[in-house]
Amino acid sequence: MRREERTSPNYTHLRVVVYIVAALLLGRLAYVQLIDDKYDALAESNIMRPEVEYPMRGEVVDRNGEPLIRSRVCYDVMVVWDNLPKKGFDSLHLISILDIPIEKLRKELKRAKQAPKSPHLVIGYLPQDAKLILDESGFDGFYTRFRTAREYPRKMGGNMLGYVGEISEEQLKKWDNYAAGDYVGVGGIESYYEKYLRGVKGVSYRIRDTRGAVKGAYDNGANDVLPEKGYKIVSTIDGRLQEFAEELMVGKIGSVVAIEPSTGEILVMVSSPTYNPDLMVGRQRNNNYAEMLHNQRQPQYSRAIKENYPPGSTFKLVQGLIGLQEGVLRPSQRYECNQGFHYGVGSHARRQKCHVHRNNLNLREAVAHSCNAYFCYVFRNIITNPKYGSVKEGMRKWNEYVHSFGFGHKLGVDLYGEYGGFVPTPEWLDKANGKYWNWGTVISCAIGQGEMAATPLQMANLAAIVANRGYYYTPHIVRSIEGCDSMNNRFKERHYTMVDSAYFEVIVDGMWMGVNKEGTSRLAALPGLDVCGKTGTAQHDRWKDRVRKIRYSDHSAFISFAPRNNPKIAIAAYIEHGGWGASAAVPIASLIEELYLTDTIKRPELVERMKNLSLDYGYYDAKQRKYDEEREAKESD
C-alpha cells in the first residue's frame, strides 16, 4: 500500500516541485557568488568612498599675457555624521582652525544629522595652511575636499569679467554634468565661456576605516580618473588700459568702450561704477553681494552693453553718410543755422535748438561744429525723398541704412545680456502716433535724440565703422582659447554698411577738423597722431526732471579714432549728466587714446582733473536714501 502511494502521480509531482525549488536556490547562490558583484560592491562601500576631484578652472589673461583671472588652491571641509566620535570632540579647537563661530558649526552638524551617512559641506574656501592643521589635528568624521577659488590680480572689471558662484536649482535642471554644490560662472567672461573654463571633473576612490579616516588609494588608484584643467583664455582686453580707464571713471556713471577697428577686438570695456571681483570670492561673498545689490548706482550692471542712451550728436555722422549715398546731400552744400532748425507755422511752429557757432556751414564744417540745423535739413531730405513716394517709405529706407550701421539690433558681442538699442520703424510710429505723423514728428532722430537709443558698444562700433570707411567686425572680448579650435569664425567676418566707402572721407575730414582745426573736439588733439572725433551732448528725460523737481546736466558723449590713416583705436565715452561732450567725455577718451598710442601720459594735470571731476548724481543718492529707509522700516517691523 505504501509503495503504491510513493508511485502515485501526486507524489511524483511533489518531488518535481522540490527539485525545481532546490535548483533555483542553488542557481541563485551560484550567481551571487560567482557572477553578480553587487554584494562585493556593497561590502567595498563600507571601506571605500568615491570622491569627486574638481579641476582647476581655466585662467584668463589680457592681450599681452597679463593675468586677469586665475585660480588658487583652497578646500571644502566636509563631515559625515555617522563617522563622528560618540564621545564628542573638541569643538572649540575645531572652530579656531576653521575660523567660524560656534553657531555656524552647530547649524551645519544639525543639517548633517539629517543624512547621517552622506558627506555634508561645513565650510568652503579653507586655506591650505589651515587644511594642514586640520589634518594634523585628526578630527574623526571631518575631512577636506580639494577645490579652487578665483582671484583677480588687477582688482577691476567685475561687470566685465564676472565671478564664480554656486549653481542654482534652475541651472541644475537645464545643464548636464553638474551637481549640487558645483560652481559656475556668473556674468561676464566667466559665464559666457563657462564650458571652456570649467574643465572636466575626475573621481578618486579612497579606502577609509570605520571612523572615516583615509587609509590609502583603492586598488592603487587604478580606477581613479584625473580631472582635466579648464582651457586658458586670451582676452582682447588691454589690462593696463582698462585699469587706467576705470580710474578716470571713478565717481562717474557711464561707460567707455574702445575697439581695435582692424579686428573688432575690444581693448577697453568700462561700466561705471564697477566693483572688485575679489569681493565675490570667499566667505564674505554673500554679504558683499547683498551690499552691491542694494546699491542704487548698480555696480553689477554692465552699462556698456545694456544701457540704452540717446546717442546725441555722434549720430549726425550717420545722417551725413546716408544723405551722401542717397544723393540728397553734397559735401559743398550749405545750410543756414539761426541757432536752430525752425519748422511748422503759426501755433505749430517748432525749433530744434543749436549752440552758438558761425553760420552757413558746409558738410565738413557742420561735422566739426556739430550743427543741429544742418543735419535736421539732411534728415528731412532723406525721408521725404520723392523716389520713395511717401514719408513712411522714406522712413523705412532710412531705418534700413541705420540698421546696417549696427543700430537697432544686437551686435553679437561674446557676452550675455547685450541690448540692441532702438531705432523707430514706420510700424512703431503708426502705433505711437495713430498713423498721423510726418517728418516733423521724428525730427529729433536727426540729432540722435527722441526715439533713438544706443548702447556705448554700438557707439564705439560706429567710430570703428568710420575708421574702416564703411565696415566693421563683430566686437568681441576673447581673442583665442589655447588648445581649442572652437573660436567662432563669425568674429572674422566683415559687415558692410549700405554706404559706399568713397563717401566716408568727407566725414573723416570733418571729424579731423573738429579735433585739429576748429570745432567742438579740440581738447582731443594729440600732436602727430591725427585724431578724429565727434562730440555729442545728449538730452536726458526732461519729464523725469519735472517730476523730481530738479534739473540735471545733459549727458556727455564723444566718439573718436586715431590715427586718421591706419587707425589703431576707436573709442566711445558716455558720461551721464557730464554736460557738454567736451566737458567730460572728450578728455577721458583722449587720455585713454594717448596712453594706448604713445605708451605714456604727457598731461598729468588733465588726469588729475578728470579723476577729481565731481558730477551731480543726487537722484541716485535720493533713491539710495529712500531704499535704505524702507529696508530699515521692514527690518524694525
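These legends walk through several close-up views of a predicted model.

**View 1. A five-stranded open sheet.** Here five strands line up in the order β12-β11-β20-β19-β18, and the pairing is antiparallel. Look at the two ends of that row: β12 (265-272) and β18 (532-538) are the edge strands, and each has a single partner, so one side of each has no neighbour in the sheet. From one strand to the next, the twist averages 5 degrees. If sheets are new to you, remember that strands pair through backbone hydrogen bonds, either parallel or antiparallel.

**View 2. The β18 edge and the helices on the sheet.** How many bridges join β18 to β19? There are seven, linking β18 to β19 (residues 555-562), and the two strands run antiparallel. One pair to pick out is Ala538 with its bridge partner in β19, His555. Helix α20 (residues 504-516) packs on the sheet here, touching β18 and β19, and its direction makes about 80 degrees with that of β18. Another helix, α19 (residues 456-467), lies across β11 (254-260), β12, β19 and β20 (569-575). Its direction is at about 145 degrees to β20.

**View 3. Strand β3 and its partners.** Which way do β2 and β3 run relative to each other, parallel or antiparallel? Strand β2 (residues 60-61) and strand β3 (residues 67-79) are antiparallel, joined by two bridges. Val61 has Pro67 of β3 as its bridge partner. Five residues sit between the strands of this hairpin, and Gly65 takes a positive phi near 85 degrees there. Strand β3 also pairs with β5 (residues 142-151): ten bridges join them, again antiparallel. Within that pairing, Cys74 is matched with Arg147 in β5. With β4 (residues 120-126), β3 shares four bridges, and these strands run antiparallel too. Find Tyr75 and you'll see Leu126 of β4 opposite. While you are looking along a strand, keep in mind that in a regular strand the side chains alternate between the two faces of the sheet.

**View 4. The second largest pocket.** This pocket holds about 1100 Å³ of space. It is lined by 42 residues, and those closest to its centre are Leu121, Ile123, Gly124, Glu166 and Tyr183. Which element gives the largest share of the lining? That is β4, with six residues. Other elements that each supply at least two lining residues include β1 (48-53), α5 (102-113), β6 (163-166) and α12 (285-293). Strands β3 and β5 from View 3 are on that list as well. Sorted by class, the lining has 17 nonpolar, ten polar and 15 charged residues.

**View 5. Helices α4 and α6 side by side.** The axes of α4 (residues 91-98) and α6 (residues 128-137) come within 9 Å and cross at roughly 160 degrees. The two helices are therefore roughly antiparallel to each other. On the α4 side, the contact uses His93, Leu94, Ile97 and Leu98, while α6 brings Ala130, Ile133, Leu134 and Ser137. Six of the contact residues are nonpolar, two are polar and none is charged.

**View 6. Helices α17 and α18 at an angle.** The axes of α17 (residues 391-404) and α18 (residues 426-433) come within 9 Å, crossing at roughly 130 degrees. That is why they count as oblique to each other. Lys392, Met395 and Arg396 of α17 meet Pro426, Glu427, Leu429 and Asp430 of α18. This contact has three nonpolar, no polar and four charged residues.

**View 7. Helices α11 and α23.** Here the axes of α11 (residues 239-248) and α23 (residues 604-611) come within 8 Å and cross at roughly 55 degrees, which means α11 is oblique to α23. Phe244, Glu247 and Leu248 in α11 meet Val607, Met610 and Lys611 in α23. Four of the contact residues are nonpolar, none is polar and two are charged.

**View 8. Backbone details in the loops.** Ser272 and Pro273 are joined by a cis peptide bond, with omega about 5 degrees. Pro273 sits in the loop between β12 and α12. A cis peptide bond also joins Ala562 and Pro563, with omega about -15 degrees, and Pro563 is in the loop between β19 and β20. Finally, find Asn177 in the loop between α8 (169-174) and β7 (183-186): although Asn177 is not a glycine, its phi is positive, at about 65 degrees.

How values were computed. Residues numbered from 1 in each chain as written. Predicted model: local features only at pLDDT ≥ 70, side-chain atom pairs only at ≥ 80, totals over all residues. Heavy atoms only, no water. Axes fitted to C-alpha atoms, helices over the stretch in contact; angles between N-to-C directions. Parallel < 35°, antiparallel > 145°, perpendicular 65-115°, else oblique. Contact = heavy atoms within 4.5 Å. Nonpolar A, V, L, I, M, F, W, Y, C, P; charged D, E, K, R; others polar. Pairing = 2+ DSSP bridges. 1 Å grid on protein atoms, 1.4 Å probe; cavity = no way out; pocket = protein on both sides within 12 Å on 5 of 7 lines; lining within 4 Å. Points joined across faces, edges and corners; volume = space filled by probe spheres on them.
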